[in-house]
Amino acid sequence: MNVKTEVKQIGLYINGKYVPSSSHRTFEVKNPATQGVIALVSEATEEDVNQACLAAREAFENGPWRTMSVAERCEKLRRMAEIILERKEEIAGLDAIDVGKPYHSTVQHEVPRAAHNIHFFADFVQMQGGETYPMEENFVNYTRYEPVGVAALITPWNVPFMLTTWKLGPCLAAGNTAVIKPAEMTPLSVSLLGEIAKEAGIPDGVVNVVHGLGSVVGTALTEHPAVDLVSFTGSTATGKRIMKNGADTLKKVSFELGGKAANIIFEDADLDKAIPGSIHAAFMNSGQVCLAGSRILVQRSIFAEFLERFTKAAMELKVGDPQNIDTKMGPLVSEQHYQKVTSYLEIAKEEKAKLICGGKRPELPEYLQKGYYLEPTVYVQENPKSRICQEEIFGPVVTLIPFDTEEEAIQIANDTEYGLNGVVWTENLQRAHRMSHSVRAGTIWVNCWFVRDLRAPFGGFKKSGVGREGGHHSLEFFTEAKNICIALK
Ligand code: NAD
């Protein structure tokens, strides 16, 4: 189905209303399946960022948000979650034309999860208490968790709406105000968050959204003196830049960065589960997932069987129009990203990796000819130090690496600068625990992938992140702990 959409005009959202850029400049956003222009988005200037930060600061200092009762604040957040669900088709539709995500899985999974992110933190905050430390009979200490101030929430293009709500939920539930900066390639769905917040009764200035290049708008935001904390999800390179830019104003930072997960298949794994699980981990969202299981380590005794069955399943994945119900994989997000991902096909050739399937554009109907499509691509590479095994490709390109022993699997799995997650497939309970303890990453999935409990910590070891999100970990970031010590006599 070829959906024609009119070109949308998207403004900045500052202090409770849409406004154009003060320079009146806009930038184009294209549908990656067709290259058709779908939106003209206001490009914020430094002055616009300043206005958004000042609005958020004013709402924090003098507005009702910070001081209203937790019950009232959380009621508004639950309403916000309801509105997201009421508008889920619209939101999923925007992510489908903007990111190229398959619409049906987005409307069924990602948007409901976005609503759940907000709802979860509303409920979670209401259940929090504090600590009390009586000191002999003369003094008593008790703690309060107070909001920090203005948060910059900076998010990537691969999961725009859901990932932004994962930050916005705890940020607002704790009583902070926010300036959101979505990725310039995919700003459409996130641009709605300001108006959704307003519709839910959240005061003006609490949720602001600014658009534009990371190097301009992101820099202005992370250097702004009115911003107290930066919650960022994106690449490791940008994380380093933000840390430097935020240093002069001593910003509190939380970073969710890149990954290159090992997905380890032992000879005792249940391949009927491991193969579909590994396919999902490799090719969901066209492999544009920080948690993607892109290094597939397979024990040599089952290597041939795994390779044959995995390749067959990869080739059966339906690549096509994100709007079609049977599409499992859409295009890559942009021309620039397509160039990056396909440059690894050349690197793989130079590194003498063996191409098993994919590596080219799929055959598609005429109207998708300009889309940035790549077939699911599978390589075998004996050398785990090669670039395709070390660098985050962030596309539908995976490498199978054989190993003989558990020790060797651990060594290969940990031989990376990243440490976001790992996946282990085995029916041996002791091995499952041993591997989970030995792989140096923030999340280990055993016989599953991408299962999330929002109370659990989420984040990366090594260059995959700083800090953790989820449950009380998110709240620790978005609050200041205050100790109050009272003399009783
Ligand atoms: P990116 O770092 O290029 O951009 C992310 C965001 O940062 C965008 O909004 C961008 O405009 C902004 N930005 C860029 N330069 C900036 C600067 N100097 N100051 C402030 N903001 C700036 O990342 P991307 O290409 O959009 O996303 C892909 C990356 O995100 C991958 O590395 C992926 O692994 C990572 N990611 C991580 C997680 C996680 O939870 N760990 C989740 C999703 C994506």
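Is R25 buried or exposed? R25 is exposed, because its relative accessible area is 52%, where buried means under 20% relative accessible area, exposed over 50%, and partly exposed in between (1.4 Å probe, protein chains only).

Before the other exercises, a word on the model. This is a predicted model, in which local features need pLDDT of at least 70, side-chain atom pairs count only at pLDDT 80 or more, and totals for chains, interfaces and linings use all residues. Residues are numbered from 1 along each chain as its sequence is written, and side-chain values use heavy atoms, with hydrogens and water left out.

**Exercise 1. Find the partner of R25 in a salt bridge, and say where the two residues lie.**

Step 1. Start with the rule: a salt bridge is a side-chain nitrogen of Lys or Arg within 4 Å of a carboxyl oxygen of Asp or Glu. Side chains of opposite charge can pair when their charged atoms come close.

Step 2. Apply the rule to R25: its side chain meets that of E43 in a salt bridge, at 3.8 Å from N to O.

Step 3. Now place the pair. E43 lies in the loop between β5 (37–42) and α1 (46–62), and R25 in the loop between β3 and β4 (26–30), so the pair ties together parts that are 18 residues apart in sequence. The helices (H or I, at least four residues) and strands (E, at least two) are DSSP runs, numbered from the N terminus.

Step 4. Check the cover of the partner: E43 is buried, with a relative accessible area of 17%.

**Exercise 2. State how many salt bridges the rule gives, and describe some of them.**

Step 1. The count comes to 31 salt bridges.

Step 2. One of them joins D270 and K273, with the closest N and O atoms 3.9 Å apart. D270 counts as partly exposed, at 26% relative accessibility.

Step 3. E406 and R434 form another salt bridge, and here the closest N and O atoms are 2.7 Å apart. E406 lies in helix α13 (residues 406–414) and R434 in helix α14, so this pair ties together parts that are 28 residues apart in sequence.

Step 4. Compare the cover of the two partners. E406 is buried, with a relative accessible area of 10%, while R434 is partly exposed at 41%.

Step 5. Finish with a network: salt bridges link R87, E90, E195 and E199.

**Exercise 3. Decide whether helix α3 is mostly covered or mostly open, and name its buried residues.**

Step 1. Helix α3 spans residues 88–98, and eight of its 11 residues are buried, so the helix is mostly covered.

Step 2. Its buried residues are I91, A92, G93, L94, D95, A96, I97 and D98.

Step 3. Look just past the helix: α3 is followed by G100, whose phi is positive, near 90 degrees.

**Exercise 4. Locate two residues other than glycine that have a positive phi.**

Step 1. Recall the background: most residues other than glycine have a negative phi.

Step 2. Q35 has a positive phi of about 70 degrees although it is not a glycine. Q35 sits in the loop between β4 and β5, and is partly exposed, with a relative accessible area of 27%.

Step 3. F450 also has a positive phi, near 70 degrees. F450 belongs to the loop between β20 (443–446) and β21 (461–462), and counts as partly exposed at 33% relative accessibility.

**Exercise 5. Describe the surroundings of N15.**

Step 1. N15 is found in the loop between β2 (12–14) and β3 (17–19).

Step 2. N15 is partly exposed, with a relative accessible area of 39%.

Step 3. Leaving aside neighbours within four places in sequence, N15 is in contact (heavy atoms within 4.5 Å) with A55, D204, G205 and N208.

Step 4. Try a distance too: the C-alpha atoms of N15 and F306, 291 residues apart along the chain, are separated by 55 Å.

**Exercise 6. Place H437 in the structure and say how open it is.**

Step 1. H437 lies in helix α14 (residues 429–438).

Step 2. At 67% relative accessibility, H437 counts as exposed.

Step 3. The C-alpha atoms of H437 and G287, which are 150 residues apart along the chain, are separated by 26 Å.
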